[in-house]
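This briefing is addressed to a reader who wishes to examine one molecular structure topic by topic. Please keep the sequence and the structure in view while reading.

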Amino acid sequence: MTQLVDPFHRQINYLRLSVTDRCDFRCVYCMSENMTFLPKKDLLTLEELDRLCSAFINQGIEKLRITGGEPLVRKGIMTFFDGMKRHLDSGALKELTLTTNGSQMEKYAKDLAAAGVKRVNISIDTLDETKFAEITRWGRLPQVLRGIDAAQAAGLRVKLNVVALKGFNEDELFPIVQWCHERDMDVTFIEVMPMGDIGNENRLTQYWALSDMRKTLAEEYTLTDLSESSGGPARYMRLEETGQKVGFITPLTHNFCESCNRVRITCTGEIYTCLGQEGKSDLRAPLRASESDEHLINAIHAAIGQKPKGHDFDYSRQELGGQMTRHMSHTGG
Ligand code: SAM
Ligand code: SF4
């Protein structure tokens, strides 16, 4: 069986693919209000996305997460999901999933379930309509809540992604956890990361360390650390009183790089083997160079052969150590 292994002997079996840099929201920690998006001609076509993912799956990728930008605003995206179903059916791909803001979920939930998607991550940072409009600038909470209803009605397991933002959703920690319990959803909190220029917003004032959040949670709940790992940045704990699973993505308070199993691809076919480093290689040229996958597969192995050991994010000196110039929506969160 073919495997992708990096220089630090980490097996790479998880691909996160951004299918568009565009979005129908403008979350304040993610984008500036006036974003310049890539010209459509620079994007990989749906056929190219299929070829690229199929090559990765043939080389040992078992889990594929579609992200963006907002993946569900990419025109014709269901054609891509429908195409990936053949890899689920063959058993080569173990999981096909997506991270979405939920705005289009009402429209696509059933189709996604029919394409073999079983779990989705939906991002909501507040349950307050006014605050939701403020943080997403263009988003509307009721639309996303209808999306969650539709996803659950279609049988999709929903996990909520919540970015922890100081002074913004600190007071909603218990209501959000409680709400997820009532709706039988897992929840993962994410520390805000220094990705891209976000206009006038200040990241240091946004940053709420999850080590602090944990202490607050422990005032109400008995927390048990779970050893299970997705091989990625999330660490999980169980709230004994409710049995809920809560995830923490803590790139800043805990370094998770030693167990990293993933690579990311942008919608233009650049591969980033580390979210927190600028290093990248181009897969679009080898993809387009010929109809055979030989060049592409060589380029994939060459890129993984250069995967760095880890990121350098650091807020400890009250400055943005390791700040990335690209936005999260470029590489896909
Ligand atoms: N649009 C989709 C969504 O919002 O779920 C998918 C793409 S979005 C970039 C993926 C995840 O990254 C979201 O949960 C979002 O909240 C998170 N995110 C965006 N910018 C971030 C940042 N600077 N730090 C931490 N998380 C961020
Ligand atoms: Fe769009 Fe997701 Fe970024 Fe918000 S976090 S602006 S929904 S890509």
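The points below take up the sheet, the two ligands, the salt bridges and the backbone conformation in turn.

The model is a predicted one. Its strands include 12 that form an open sheet of mixed pairing. Ligand 1 has 19 residues around it, and the protein covers 96% of the 540 Å² of accessible area that this ligand has on its own. The count of salt bridges comes to 20.

**The sheet**

- The strand order across the open sheet is E7-E8-E9-E6-E5-E4-E3-E2-E1-E10-E11-E12.
- The edges are occupied by E7 and strand E12 (281-282); each has a single partner strand, so one side of each is left without a neighbour in the sheet.
- At the E7 edge, strand E7 (residues 223-226) pairs with strand E8 (residues 234-239) through four bridges in the antiparallel sense. Within this pairing, Leu223 lies opposite Leu239 of E8.
- On from E8, six bridges lead to strand E9 (residues 244-249), and these two strands also run antiparallel. Ala234 has Ile249 of E9 as its bridge partner.
- E8 and E9 together make a hairpin with four residues between them. The turn contains Gly243, whose phi is positive at about 80°.
- E5 and E6, in contrast, pair in the parallel sense, with six bridges between them. Asn161 is bridged to Thr188 in E6.

**The site of ligand 1**

- Among the 19 residues that surround ligand 1, the closest are Tyr29, Gly69, Ser123, Val163 and Met193.
- Ser123 places a polar side-chain atom 2.6 Å from an oxygen atom of ligand 1. For Tyr29, a polar side-chain atom lies 3.1 Å from an oxygen atom of the ligand.
- Gly69 contributes through its backbone, with an N or O atom 3.0 Å from a nitrogen atom of ligand 1.
- Three strands each supply at least two residues of the shell: strand E3 (95-100), strand E5 (157-164) and strand E6 (186-191).
- By class, the shell of ligand 1 consists of seven nonpolar, nine polar and three charged residues.

**The site of ligand 2**

- The residues around ligand 2 are Cys23, Phe25, Arg26, Cys27, Cys30, Met31, Gly69 and Asn101.
- This shell divides into five nonpolar residues, two polar residues and one charged residue.
- Gly69 belongs to both surroundings, being listed around ligand 2 and among the closest residues to ligand 1.

**Salt bridges**

- Arg86 and Asp50 form a salt bridge in which the closest N and O atoms are 2.7 Å apart. Arg86 is in helix H2 (residues 77-90) and Asp50 in helix H1 (residues 46-58), so the pair ties together parts that are 36 residues apart in sequence.
- The two partners differ in their exposure class: Arg86 counts as partly exposed at 41% relative accessibility, whereas Asp50 is buried at 16%.
- Glu172 and Lys131 meet through their side chains at 2.9 Å, N to O. This pair links distant parts of the chain, 41 residues apart, with Glu172 in the loop between E5 and helix H6 (173-182) and Lys131 in helix H4 (residues 129-136). Both of these residues are buried.
- Glu240 and Arg238 form a further salt bridge, at 3.3 Å from N to O. Glu240 is partly exposed, with 36% relative accessibility, and Arg238 is likewise partly exposed, at 32%.
- Lys63, Glu95 and Arg119 are joined into one network by salt bridges that share partners.

**Positive phi outside glycine**

- His9, although not a glycine, has a positive phi of about 65°. His9 is located in the segment before strand E1 (14-18). Its relative accessibility of 71% places His9 in the exposed class, because that class begins over 50%.
- Arg137 is also not a glycine and has a positive phi of about 60°. The residue sits in the loop between H4 and helix H5 (141-153). At 19% relative accessibility Arg137 counts as buried, because the cut-off for that class is under 20%.

Key:
Residues are numbered from 1 along each chain as its sequence is written. Chains are lettered from A and ligands numbered from 1 in the order in which they are written. This is a predicted model: local features need pLDDT of at least 70, side-chain atom pairs count only at pLDDT 80 or more; totals for chains, interfaces and linings use all residues. Side-chain values use heavy atoms; hydrogens and water are left out. A residue is near a molecule or strand if one of its heavy atoms lies within 4 Å of it. A polar contact is a pair of N or O atoms within 3.5 Å; within protein, one must be able to donate a hydrogen and the other to accept it, and residues adjacent in sequence count only if both atoms are side-chain atoms. Accessible areas come from the Shrake-Rupley method with a 1.4 Å probe; for residues, only the protein chains shown count as cover. Ala, Val, Leu, Ile, Met, Phe, Trp, Tyr, Cys and Pro count as nonpolar, Asp, Glu, Lys and Arg as charged, and the others, Gly among them, as polar. Two strands pair if DSSP finds at least two bridges between them. A salt bridge is a side-chain nitrogen of Lys or Arg within 4 Å of a carboxyl oxygen of Asp or Glu. Buried means under 20% relative accessible area, exposed over 50%, partly exposed in between (1.4 Å probe, protein chains only).
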